[in-house]
Amino acid sequence: MHAHLFSPYALFVHRTSLDLMGAVAQAVFEIARNRKYAEHVLRWAPSIALHDPGSSGGVLGLDFHLTVAGPRLIEINTNPGGLLLNTLLVDAVQSCAPTAWAPWTSGARARDASVAAWLDDARTQLGRMPTRVAIVDIAPKEQFLYPEFELYAAAFKDRGVDSVIRAPNALMFGPNGLEDADGRIDAVYNRLTDFALAEPVVEPLRHAYLARAIALTPHPRAHALLADKRNLILLGDAHMLGSWGVDPALAQRLAQVIPTTVEVTSENRDVLWDDRDGYFFKPAAGFGSRGSYRGSKLTRRVWDTMVSTPYVAQAFAPPGVRIVHGGSSLKADVRCFAAESGALLFAARLYQGQTTNMRTQYGGFAAVLTTPALDE
């Protein structure tokens, strides 16, 4: 494990805020099934996103800032890290949580629901349960969250599904389908950040996916429908969603929580530069806060280099603050892990700096504790 993977502090969040986050996640899944919405967002997606494997793409991570006006949805991720790691954290804090506060769910329930969501997505694509799954990432043992890969491998095996952890260059595609040195693979838990499967090293995986020889979760279509940051422009536009037949209540729910988001274009660049203090700038297809900038910290030199990459400007919604030992403070966001079946787990990330990171002393993943439900 890494020094700053887990924070020694928990984050306290009222249940009404968590309920709203869960409802937002459900609204996002529902809107992704809207034909007109899909047609619109696929216009800026890579061509591989037109391939429809027939599933939603598994588990989402929706990142929220807690503001005085309520939660604000900052971004959506289709390969969110930390889910199973945070189930361990929930178990660890369960016995020492204050009387009036408790985890939203138990680690065991979250683990079961999360693995079930992944396997259900694979089964939807294959028409049957997978028999052998590969957890795939570039140089997996060097990845920061490699311990989570091991947790998933063990969880799949507990469900009777053989599981291995592989780099993409260990895979081959041929007449027998996708294979590694030990045999056939019929499902892949995709931890790659090459969301379009465009790099040469993932070519066997790409061919197997397009040939429907494997279940791939998450898949490029899911990223295009859910995680491209340009989609927030539409998801936050209640009028546009309404014109596509989206339930007005769902459209208003999203408009309430998504900060105003616009695409950076040649026509509005000068205006956005002048107003940059009020925005956060993010690459449309980025991940892990890479290439993201708080407008007030942005230099002209960096701004000029951003012209070659699609960017969005999002109205700045300040992160929450967790006062910790000695009166110092850490910034905080909340990740809602969710599947089509509903919210799976809530976890916080505590940090200092412009964006979330796992390098801050006393920062890292933090357990979310909440108030009891009314019927408890």
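Angles of 65 to 115 degrees between helix axes count here as roughly perpendicular, a cut-off to keep in mind for the first of these close-up views of a predicted model.

**Figure 1. Helix H3 packs against helix H5.** In this view the two axes lie 8 Å apart and make an angle of about 85°. H3 and H5 are therefore roughly perpendicular to each other. From H3, look for the leucines Leu83, Leu84, Leu85 and Leu88. They meet Pro147, Glu148, Leu151, Tyr152 and Ala155 of H5. Sorted by class, this contact has eight nonpolar residues and one charged residue, with no polar ones.

**Figure 2. Helix H3 also meets helix H4.** Here H3 covers residues 83-94 and H4 covers residues 107-126. Their axes come within 8 Å and cross at roughly 165°. Angles over 145 degrees count as roughly antiparallel, and H3 and H4 are therefore roughly antiparallel to each other. The crossing of H3 past H4 is left-handed. On the H3 side you will find Leu83, Leu84, Thr87, Leu88, Val90 and Asp91. Facing them from H4 are Gly107, Ala108, Ala110, Arg111 and Ser114. The mix in this contact is six nonpolar, three polar and two charged residues. If some names ring a bell, that is no accident: Leu83, Leu84 and Leu88 take part in the contact with H4, and Leu83, Leu84 and Leu88 also take part in the contact with H5.

**Figure 3. Helix H1 crosses helix H10.** The axes of H1 and H10 (residues 248-257) come within 10 Å, with a crossing angle of roughly 120°. That makes H1 oblique to H10. This crossing, too, is described by its hand, and it is left-handed. H1 brings Leu20, Ala23, Val24, Ala27, Val28, Glu30 and Ile31 to the contact, while H10 brings Leu250, Arg253, Leu254, Gln256 and Val257. By class there are nine nonpolar residues, one polar and two charged.

**Figure 4. The largest cavity is lined by 13 residues.** Four cavities of 30 Å³ or more are found in the structure, and the largest has a volume of about 100 Å³. Closest to its centre are Val59, Pro80, Trp118, Tyr152 and Tyr189. The lining holds seven nonpolar and six polar residues, and no charged ones. Tyr152 may look familiar, as this H5 residue is also part of the contact with H3.

**Figure 5. The second largest pocket has a volume of about 220 Å³.** Its lining is made of 13 residues, and Ala32, Arg33, Ser55, Ser56 and Leu225 lie nearest the centre. Two elements each give two or more residues to this lining: helix H1 (15-32) and helix H7 (220-227). H7 gives the most, with four residues. Six of the lining residues are nonpolar, three are polar and four are charged.

**Figure 6. A cis peptide bond joins threonine 217 and proline 218.** Most peptide bonds are trans, so this one is worth a careful look. Its omega is about -10°. Proline 218 sits in the loop that runs between strand S11 (215-217) and H7.

**Figure 7. Alanine 139 has a positive phi.** Most residues other than glycine have a negative phi. For alanine 139, phi is near 40°. Alanine 139 belongs to the loop between strand S5 (132-136) and helix H5 (146-158).

Key: Residues numbered from 1 in each chain as written. Predicted model: local features only at pLDDT ≥ 70, side-chain atom pairs only at ≥ 80, totals over all residues. Heavy atoms only, no water. Axes fitted to C-alpha atoms, helices over the stretch in contact; angles between N-to-C directions. Parallel < 35°, antiparallel > 145°, perpendicular 65-115°, else oblique. Left-handed = near helix turned anticlockwise from the far one by under 90°. Contact = heavy atoms within 4.5 Å. Nonpolar A, V, L, I, M, F, W, Y, C, P; charged D, E, K, R; others polar. 1 Å grid on protein atoms, 1.4 Å probe; cavity = no way out; pocket = protein on both sides within 12 Å on 5 of 7 lines; lining within 4 Å. Points joined across faces, edges and corners; volume = space filled by probe spheres on them.
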